[in-house]
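Biologist: Could you take me through the ligand site in this model, slowly and in plain words?

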Amino acid sequence: MKQNKWSKGFASLCVEHINLEKKILPHAEAIYATSAFTFESPQHAMELFNDRDKGYIYSRWSNPTVEMAEQKLALLETYKTDISARAQLFSSGMAAISAVILSVVKEGEKMLTQHQLYGTTDELMQSLLPEFGIETINADLHNLKAVESLLQSDKKIKLIYIESPSNPLMEVFDISALCNMALTYKVKVAVDNTFSTSYLQQPLKLGADFSVYSTTKFLNGHGNNLGGVVIGKDKKFIKEKVWRYVKLLGSNSNAFDAWLLLQGLKTLSLRMDRHCVNAKLVAEFLQQHRAIAHINYTGFKTHPQYNIIKKQMRLPGSMLSFELKGGLSAGKKLMKKVKVCKLVTSLGTTDTLIQHPASMTHVNVSVERRIAMGLTDGFVRMSVGIEDAEDIINDLKYALE
Ligand SMILES: *Cc1c(COP(=O)(O)O)cnc(C)c1O
């Protein structure tokens, strides 16, 4: 802006980009809300097009605020390991999950997964991926012998997809055992680590090729945006293959959402510690309550995979689900009476969220199908927040009376 300001017309001044002369060293990350970036010269443009890691061209391709979040997520995921990973941020968890699957599994090939998964992931595998010629085999991933014989007999299987702990039954799978087996048969492994975050569980360290997340949940933590991420050990694969789904299908994140995620990540360990302490207290309260038939919580010794949990998770996390003895009417009554617990079909936020599939998310699913999914009439899922545990427990105590 050294030129004489009168040398341009008013309209030109209106669109002029103001470059400040003082050096800018912001304490908080800046929100780079720009669709595109300027080339200094044709030479500069050529360099950028030859290697996008050298700078920024267009925000669907990459953006500085988005990249700050990606680099932080990759660092957290590989904490105290000698793994060097690359993260690719997406517009949502589903965008990240579909991109990692489509990057690995091609037409005519298959993937292997567990029986019970996050509902939309299951729907993706059952209804959309078959249209691309991708078949999903649902198997009992606890049965390692059965998994091995599947891998042995079916060379079309290219990916094992694990969600552990699973949503909402809290099933846990032996990630390192499955990864070792996958390595023998040259099959890749992706783990949906949304419930745990890198603070509680590190799938790459356990041998997985990809860790995938809905950052919408605990990583962002405040329920104010959507996002997803794929973090992989093979940086070239993330940069060249996974990134194509961002560039070509437009499932990119953006500066505002990435910035919210960056702010959320600053308190991740503090929030997770508190989430975990509260969840344990809530689970213990529910366990002794006469209205509760059964509780699924990874912190109990009675959890069927307790030995695996101890081996692969730092702490049990703050998700739990339980079964009310009173069935459908008890579930509805509980939903009506809670006040501290919010009726929200999301999870991983600072406040406690509760939902009753039979009267909420799964009202349009046939009773037989819902029960087959493990979502019985009195089944309730909870994401325990960071409030005072006493308030959550008193809320439940009153509502369960
Ligand atoms: C929410 C969730 C997803 C999907 O993430 P979105 O950000 O909603 O697209 C995937 N997996 C798990 C385990 C989830 O809880």
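Which kind of ligand atom is 2.8 Å from an N or O atom in the side chain of Lys-217?

Modeller: Happy to. That partner is an oxygen atom of the ligand, 2.8 Å from a side-chain N or O atom of Lys-217. It counts as a polar contact, meaning a pair of N or O atoms within 3.5 Å. Thr-216 makes another such contact, with a polar side-chain atom 2.7 Å from an oxygen atom of the ligand. For Asp-192, the partner is a nitrogen atom of the ligand, again 2.7 Å from a side-chain N or O atom. On its own the ligand would expose 380 Å², and the protein buries 93% of this area (Shrake-Rupley method, 1.4 Å probe).

Before going on, a word on the source: this is a predicted model, where local features need pLDDT of at least 70 and side-chain atom pairs count only at pLDDT 80 or more, while totals for chains, interfaces and linings use all residues. Residues are numbered from 1 along each chain as its sequence is written, and side-chain values use heavy atoms, without hydrogens or water.

Now for the surroundings. The shell around the ligand holds 13 residues, and the closest are Gly-93, Asp-192, Ser-214, Thr-216 and Lys-217 (a residue is near when one of its heavy atoms lies within 4 Å). By type, the shell has seven polar, four nonpolar and two charged residues; Asp, Glu, Lys and Arg count as charged, Ala, Val, Leu, Ile, Met, Phe, Trp, Tyr, Cys and Pro as nonpolar, and the others, Gly among them, as polar. Helix α4, residues 93-104, gives the largest share of the shell, with three residues (helices are DSSP runs of H or I with at least four residues, strands are E runs with at least two, numbered from the N terminus).

The ligand takes up the space of the largest pocket. Here a pocket is an open set of points on a 1 Å grid over the protein atoms alone, where a 1.4 Å probe fits, with protein on both sides within 12 Å along at least five of seven lines. A molecule sits in one if more than half of its atoms lie within 2 Å of its grid points.

Some backbone details are worth a look too. Most residues other than glycine have a negative phi, and most peptide bonds are trans. Ser-164 to Pro-165 is a cis bond, with omega near -5 degrees, and Pro-165 is in the loop between β4 (157-163) and α7 (175-184). Asn-167 and Pro-168 are also joined by a cis bond, with omega about 0 degrees; Pro-168 is in the loop between β4 and α7.

Key. Polar contact = N/O pair within 3.5 Å; in protein donor to acceptor, adjacent residues only side chain to side chain. 1 Å grid on protein atoms, 1.4 Å probe; cavity = no way out; pocket = protein on both sides within 12 Å on 5 of 7 lines; lining within 4 Å.
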